[in-house]
Amino acid sequence: MTDNNDTIDALSHENRTFAPPAAFVAQAHVTDDSLHSAARADLESFWATQASKLISWQQPWDTVLEWDLPYAKWFVGGKLNVAENCLDRHVQAGFGDKVAIYWEGEPGDTRVITYAELLAEVERFSNVLKGLGVRKGDRINIYMPMVPEAAVAMLACARIGAPHSVVFGGFSSQSLVDRINDAEAKVLITADGGYRRGEVFPLKPAADEAVAQTPSIEHVVVVKRGNNDVTMVEGRDHWYHELMADAAPSCPPESMDSEDLLFLLYTSGTTGKPKGIMHTTGGYLTHVAYTHRNVFDLHRDRDVYWCTADVGWITGHSYIVYGPLANGATQVMYEGVPNYPGNDRFWAIVEKYRVTIFYTAPTAIRTFMKWGADEPSKHDLSSLRLLGTVGEPINPEAWMWYHENIGGGRCPIVDTWWQTETGGIMISPLPGYTTTKPGSATFPLPGVNIAVVDDAGQEVEHGGGYLTLTQPWPGMLRGIWGDPQRFVDTYWSRFEGSYFAGDGARLDDDGYLWLLGRVDDVMNVSGHRISTTEVESALVSHPAVAEAAVVGANDATTGQAIFAYVTLRGGQDVDVSTLRDHVATEIGAIAKPKAIFFTPDLPKTRSGKIMRRLLRDVAEGRNLGDTTTLADASVVDELQRRAAETSSED
Ligand code: PRX
């Protein structure tokens with residue numbers, strides 16, 4: 001099923017265990033089986049309890065769940081507003097002066113924003129959007145650096161009932177075009193630029209290029225951050241600060257139906273076209289608030305929480321904006337990279353703000369390992385009490401390094417498995433209850449039901465198989481924007497009655513789950529999902545390229561790295577760096593292949609199918625095994641020769 005079964009075997013036979021430390025248990029929200037047993041006894045009433053405990057409703061729901069597979073509706077008939085839950089109710093409860101966001105710009109500038117201030121900013125910006133003609137149900141695109149205005153924009157959309165679609169600032173203008181056009185967004189919110197690695201990266205020029213090809217966009221709002229030169233188009237483009245100066249201060253929250261669309265977030269699938277994952281209001285907010293509270297053991301009176309994701313990804317949506325703010329958390333938001341001005345920047349931030357809960361990706365941890373334990377040891381990290389990871393499997397070595405060098409041996413680690421589609425965390429330890437094993441995401445959370453199944457859909461009790469989700473959950477995707485058939489085909493057709501996550505998983509003898517990565521043509525590079533087909537299409541769109549095959553090969557730091565095999569059109573020539581830049585222009589820098597091999601032919605079966613498995617073997621330098629099904633076996637010799645010759649580029 002996967003190519004690296006030996007590694008997986010070794011991995012899931014990891015037998016070190018870490019029980020929750022007594023000092024942690026003494027103060028934890030969850031220390032026993034009670035949530036699990038409540039969820040097992042009655043799934044719907046379990047979630048209903050969470051929804052009424054954690055969320056404020058303007059009107060109660062009539063029905064907890066309507067489940068017409070694969071369509072779920074949660075808290076049907078309930079009315080609420082997400083921004084009101086994230087802001088107004090905390091201010092009304094007397095927490096207006098509590099810090100919501102400690103923002104740290106990459107150059108070292110800072111902003112401290114209280115809940116009252118954040119609410120005021122969101123109300124004004126809601127009025128700005130209304131003034132630009134935005135009405136409930138209109139889609140808004142957001143293309144921003146990691147500045148507080150990104151969260152303000154999202155919350156203002158939620159306040160007036162206009163679903164947002166955030167596009168990661170590292171994506172190219174072409175990616176932005178595709179996403180704006182698919183959603184037919186009316187307004188684009190962007191910035192002049194942001195800071196990255198000590199320099200300003202311009203966003204507005206990319207936004208301009210995009211908007212030239214997006215007929216639905218009527219207005220562009222531009223936050224001033226980079227102070228780089230930008231062109232403003234009269235009547236279409238507006239400075240955020242100018243609009244805000246004129247905006248009325250008060251904007252009552254729209255009353256939203258529990259099942260109204262809250263946002264779209266595009267993610268890569270197995271075809272070239274990203275999917276607009278649809279998330280709605282009441283169920284999503286319940287799921288992220290519940291998981292944020294219990295997985296991170298949030299105590300809002302004393303914790304300082306920091307998630308290092310970007311708001312452009314689902315982790316930023318659920319665990320920077322909606323989960324933490326719904327729970328009234330105080331959090332750090334950081335604009336830049338971990339190695340500016342030095343390799344210890346993250347640890348300087350932890351020390352400065354006395355961060356207690358820290359959530360990052362395994363790729364980052366492996367990078368910190370490379371930089372060495374001296375970097376964190378320059379700082380006082382004693383405030384930390386809980387560590388988390390997300391986005392890709394974490395290898396036991398990285399887990400142990402994190403545990404020892406960042407957590408000082410005292411912090412539980414929560415390895416959280418979930419997806420853009422699940423909305424919130426699904427599989428994770430409960431830090432005051434679960435005994436962890438380095439590299440295992442352990443067990444499904446209370447309220448989440450899974451099965452590992454074989455090819456035939458039969459449940460596997462021990463060993464490997466496919467991860468499926470067997471019951472609906474509140475944060476689940478409600479569909480793919482504009483493509484209901486793809487929703488059914490992608491998630492609900494492979495195993496009858498269950499959601500197919502696209503991941504392989506293994507259950508060890510103690511019932512612990514080991515996530516094994518994607519089993520489809522989706523790569524996971526530094527915790528980001530990139531489709532092989534998307535990169536292939538980008539390569540083939542270059543005039544010199546005849547054909548391309550892309551695979552994700554194991555990489556010690558980034559989890560997987562993109563390897564591309566390219567055949568050129570007759571008489572054409574192009575160099576590797578031009579092609580890599582071309583992919584960056586088409587998709588974004590994150591999709592640049594690490595290595596590109598030119599080859600006169602691609603290895604194909606007699607029926608013409610490209611043998612990706614074999615290309616992965618070449619990329620990972622493995623023995624090729626049986627190639628007898630190949631139409632032309634000499635292609636492989638040639639590939640191996642070229643792979644050995646070509647050294648991979650950065
Ligand atoms: O393959 C799994 C991997 O990331 C995929 C989801 O990617 P995305 O929608 O971009 O969301 C990432 C952040 C939630 C999954 O299908 N993945 C995520 N978390 C883990 C993981 N793989 C192993 N262990 C995890 N903890």
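**Entry 1: Pro70 and its strand neighbours**

I began at Pro70, which sits in the loop between β1 (63–68) and β2 (71–76). I looked up the peptide bond that precedes Pro70 and found a cis bond joining Leu69 and Pro70, with omega at about 5°. I note here that the model is predicted.

I then followed the chain into strand β2, where Phe75 has its place. Phe75 is not a glycine, yet its phi is positive, at about 55°. The relative accessible area of Phe75 is 0%, so I entered this residue as buried.

**Entry 2: Tyr340, Pro341 and Arg354**

I turned to another cis peptide bond, the one from Tyr340 to Pro341, and read an omega near -5°. Pro341 belongs to the loop between β17 (330–334) and α13.

On the other side of α13, I looked up Arg354, which lies in the loop between α13 and β18. Arg354 is a residue other than glycine with a positive phi, near 55°. Is Arg354 buried or exposed? I recorded Arg354 as partly exposed, because its relative accessible area is 37%, and the buried class requires under 20%.

**Entry 3: The whole protein**

I stepped back to the protein as a whole and recorded 21 helices and 30 strands. The radius of gyration is 24 Å, close to the 26 Å that the globule rule gives for 650 residues, so the protein is as compact as a globular protein of that length. Along the principal axes, the C-alpha trace spans about 75 × 60 × 55 Å.

I noted that 61% of the 650 residues count as buried. The protein exposes about 23600 Å², and carbon and sulfur atoms supply 47% of this area. Among contacts with a separation of 6 or more, 71% come from residues 24 or more positions apart.

For the charges, I recorded 55 positive and 85 negative side chains. The centres of these two sets lie 2 Å apart.

**Entry 4: Domains**

Which domains does the assignment give? I found domain 1 (12–503) and domain 2 (526–645). The centres of domain 1 and domain 2, taken over C-alpha atoms, are separated by 33 Å. At their meeting, 24 residues of domain 1 are in contact with 20 residues of domain 2.

**Entry 5: Helices α12 and α14**

I examined helix α12 (residues 314–326) and found 13 of its 13 residues buried, so the helix is largely enclosed by the rest of the structure. Just after α12, Gly328 takes a positive phi of about 70°.

I next examined helix α14 (residues 362–371), where 7 of the 10 residues are buried, so α14 is also largely enclosed by the rest of the structure. The buried residues of α14 are Pro362, Thr363, Ala364, Ile365, Arg366, Thr367 and Phe368. What do the buried residues of α14 pack against? I listed α13 (345–353), β18 (357–360), β19 (386–390), α16 (396–406) and β29 (559–568). Just after α14, Gly372 takes a positive phi of about 100°.

**Entry 6: Pro274**

I located Pro274 in the loop between β14 (261–267) and β15 (275–280). Its relative accessibility is 11%, so Pro274 counts as buried. Residues up to four places away in sequence aside, Pro274 touches Arg179, Tyr266, Thr267, Arg486 and Glu534. I also checked Pro274 against Ser175: the two are 99 residues apart in sequence, while their C-alpha atoms are 9.2 Å apart in space.

**Entry 7: Thr442**

Where is Thr442 found? I placed Thr442 in the loop between β20 (413–416) and β21 (450–453). Thr442 counts as buried, because its relative accessibility is 0%. Beyond the neighbours within four places in sequence, the contacts of Thr442 include Ile427, Ser428 and Pro429. Further contacts of Thr442 include Thr434, Thr435 and Thr436, and also Gly511, Tyr512 and Leu513.

**Entry 8: Val222**

I closed with Val222, found in strand β11 (residues 219–223). Val222 has 0% relative accessibility and therefore counts as buried. With neighbours within four places in sequence left aside, Val222 is in contact with Thr190, Ala191, Asp192, Lys204, Met232, His238, Trp239 and Tyr240. I also looked up Val222 and Glu536, which are 314 residues apart in sequence and 33 Å apart in space, C-alpha to C-alpha.

Key. Residues numbered from 1 in each chain as written. Predicted model: local features only at pLDDT ≥ 70, side-chain atom pairs only at ≥ 80, totals over all residues. Heavy atoms only, no water. Helix = DSSP H or I, 4+ residues; strand = E, 2+ residues; numbered from the N terminus. Rg over C-alpha atoms; globule rule 2.2 N^0.38 Å. Buried < 20%, exposed > 50% of the residue type's maximum accessible area, 1.4 Å probe, protein only. Contact = heavy atoms within 4.5 Å. Areas by Shrake-Rupley, 256 points an atom, 1.4 Å probe, with all protein chains shown as cover. Lys, Arg positive; Asp, Glu negative; His and termini not counted. Charge placed at Lys NZ, Arg CZ, Asp CG, Glu CD. Domains from an automatic or database assignment.
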